[in-house]
Amino acid sequence: MKSHVLSQLRSLEAESIHIMREVVAEMQRPCLLFSGGKDSIVMLHLAVKAFAPARVPFPIMHVDTGLNFQTVLDCRDRWVERTGVQLVVASVQEAIDRGLVQEEPNGSRNRIQTPVLLEAAEKHGFDALFGGGRRDEEKARAKERVFSFRDDFGQWDPKNQRPEIWNLYNGRVHQGESIRVFPLSNWTELDIWAYIEAENIDLPDLYLAKEREVVERSGMLYEVNEFTPLKDGETAEVRSTRYRTVGDANLTACVESTAITLHDVVEEVAAVRLTERGATRGDDKVSEAAMEDRKKEGYF
């Protein structure tokens, strides 16, 4: 009898589904962090598969910075309506208005997302938060375990992590402690896109190429919009671009591309040698340790 060998994608899918089911079995109140980007959408798609025909047994939470692309919010709402999942929105703008956090001079709201996230997690009693981080994205994320322990302040110590041997995960936490869980840890950007194509997953149209009005800043292309207006002396030009990753509209750059279909994107990603965050996320260029510093503070 021929041995049955799972394809790479189905093997990754099975691993992620196993992780999600393990969390639901071990933890009291998990929640899926949902940004409306490709990775969090793939996570939600996997969650639907993991618990079908029942509904997804945990809510999703969007930490809304107020600087989102509208097409991302529209896609988020389509997924909520389609799946019937509960949506929790933690608003950074509302937190600014009541004095919980203060906006930074550079316009970035990434760092001040952390207190908003931690407050919402405590308010709702979430003891496990699913995140869409992948180890190939960035150096700090490469250090994460699948079950990433956080102390009672929501902080992460990269030098004090639990071993994960033979895919055995330790979800034990004390009162006030929690874990972050990364079901996509072993996926690559190419895996994500191949899976999106295979499953025909609904995404924001930002991920496909079209003519956009852009301005070049520090070697990166930013779409001219309400969050990224032209500065004095700058000139916009129209180029065929798409987004490899989606964050705040004022800090996420696009890349030149002619990939207008999912298959085109898969072929394009297969040929690149720079991670999507390194190529397009201005917030990660604050310092070499920008992401790790945020994660230590409690960022997902």
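## Exercises on helix packing

What covers the buried residues of α1 includes β1 (30-33), α2, β4 (128-130), β5 (147-150), β6 (178-181) and α7. Keep that in mind as you work through this predicted model.

**Exercise 1.** Find which residues of α1 are buried, and check the length of this helix.

*Solution.* Start with the residues under 20% relative accessible area. In α1 these buried residues are L9, L12, E13, E15, S16, I17, I19, M20 and V23. Next, look at the spacing in such a list. An α-helix has 3.6 residues a turn, so residues three or four places apart point the same way. Now for the length: helix α1 covers residues 8-26, which is 19 residues, and at 1.5 Å a residue the expected span is 27 Å. The end C-alpha atoms of α1 are 27 Å apart, so expectation and model agree.

**Exercise 2.** Decide whether α2 is mostly covered or mostly uncovered, and check its span too.

*Solution.* Count first: twelve of the 14 residues of α2 are buried, so "mostly covered" is the right choice. Among them are the charged residues K38 and D39, along with I41, V42, L44 and F51. Then take the span: 14 residues at 1.5 Å each should give 20 Å, and the end C-alpha atoms of α2 do lie 20 Å apart.

**Exercise 3.** Work out how α2 and α7 are oriented to each other, and which residues meet.

*Solution.* Begin with the geometry: α2 (residues 38-51) packs on α7 (residues 189-199) at about 55°, with the axes 11 Å apart. An angle between 35 and 65 degrees is neither roughly parallel nor roughly perpendicular, and the two helices are therefore oblique. Their crossing is left-handed. Now name the partners: from α2 come K38, D39, V42, H45, L46 and K49, and from α7 come E189, I192, W193, Y195, I196 and E199. Sorted by class, this contact holds six nonpolar, one polar and five charged residues.

**Exercise 4.** Do the same for α7 and α8: which orientation do they have, and which classes of residue meet?

*Solution.* The axes of α7 and α8 (residues 262-271) come within 9 Å and cross at roughly 165°. Since angles over 145 degrees count as roughly antiparallel, α7 is roughly antiparallel to α8. This crossing is left-handed. On the α7 side you find E189, L190, W193, A194, I196 and E197, which meet L262, H263, V265, V266, V269 and A270 of α8. By class, the contact has nine nonpolar, one polar and two charged residues.

Note on methods
Residues are numbered from 1 along each chain as its sequence is written. This is a predicted model: local features need pLDDT of at least 70, side-chain atom pairs count only at pLDDT 80 or more; totals for chains, interfaces and linings use all residues. Side-chain values use heavy atoms; hydrogens and water are left out. Axes are lines fitted to C-alpha atoms, for helices over the stretch in contact, and angles run from 0 to 180 degrees between N-to-C directions. Helices (H or I, at least four residues) and strands (E, at least two) are DSSP runs, numbered from the N terminus. Angles under 35 degrees count as roughly parallel, over 145 as roughly antiparallel, 65 to 115 as roughly perpendicular and the rest as oblique. A crossing is left-handed if the near helix is turned anticlockwise from the far one by less than a right angle, and right-handed if clockwise. Contact means heavy atoms within 4.5 Å. The expected span of a helix is 1.5 Å times one less than its number of residues. Buried means under 20% relative accessible area, exposed over 50%, partly exposed in between (1.4 Å probe, protein chains only).
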